[in-house]
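Colleague: Hi! Could you walk me through this protein, step by step?

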Amino acid sequence: MIGRLRGTLLDKQPPWLVVDVAGVGYELEASMTTLVALPAVGEAVSLYTHLSVRDDAHLLYGFLRDQERTLFRALIKVNGVGPKLALAILSGMDEAAFRRCVLEDDAKSLMRLPGVGKKTSERLIIEMRDRFPHWEASEPALAELEAGSQPAAPRQDPLADAEAALVSLGYKPAEAARMLSGLEAEGTTEALIKAALSRRMTG
């Protein structure tokens, strides 16, 4: 089991990233919450990881915070929730926001996430009440991430990259385009994704 990686961030193409550890490049998939908080390419990075072993692939998932990984592991134990949907949930809201949805029976907010319908949102609330870790929610996890983040290196076409990343999370191309409409001034791919997801959750 690979539980943590520490090395140099080689590439960042949401939702994928590559970390060089002693000459070995590890490819990981991460939530947008983690991706927007990563340092620039070429900088040192340390990630908590979860290894998923399937018949056809070994998939590695990366998390900047141990709490996010803990929530990911709890989510994939919920009936009907796999790694892809778990990452979509973590991309749309941080740990504190998800905890609030569970404790306040806020199925409506969960249903704004791609792939989460009425039944899935109700199942998440019911099952996660018993499984949810007892975390302090006095401050949003994302704010803590942003406080230590560094600007990402600009890409040639951040808008196209952001749209592709949203589609990979489960949003339909037309919906992803609407979410990004008018956000060109946000700049980097990560900033565009963050702004689009924020718009989706508040709209």
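Modeller: Happy to! Keep in mind that this is a predicted model. The protein has 10 helices and five strands.

Colleague: Thanks! What share of the residues of the protein count as buried?

Modeller: A residue is called buried when its relative accessible area is under 20%. The chain has 203 residues to sort in this way. The share that counts as buried is 46%.

Colleague: How many residues of helix α3 are buried?

Modeller: Helix α3 runs over residues 83-92 and is mostly covered. Among its buried residues are L85, I89 and G92. Out of 10 residues in α3, the number buried is eight.

Colleague: Which peptide bond is cis?

Modeller: Most peptide bonds are trans, so a cis one deserves a look. Here one has an omega near 10°, and it leads into P15. P15 sits in the loop between β1 and β2. The cis bond is the one from P14 to P15.

Colleague: Is A22 buried or exposed?

Modeller: A22 lies in the loop between β2 and β3. Its phi is positive, about 55°, although A22 is not a glycine. Exposed means a relative accessible area over 50%. Because its relative accessibility is 79%, A22 counts as exposed.

Colleague: And where is D105 found?

Modeller: D105 is not a glycine either, yet it has a positive phi of about 55°. With a relative accessible area of 47%, D105 is partly exposed. Its place is in the loop between α4 and α5.

Note on methods:
Residues numbered from 1 in each chain as written. Predicted model: local features only at pLDDT ≥ 70, side-chain atom pairs only at ≥ 80, totals over all residues. Heavy atoms only, no water. Buried < 20%, exposed > 50% of the residue type's maximum accessible area, 1.4 Å probe, protein only. Helix = DSSP H or I, 4+ residues; strand = E, 2+ residues; numbered from the N terminus.
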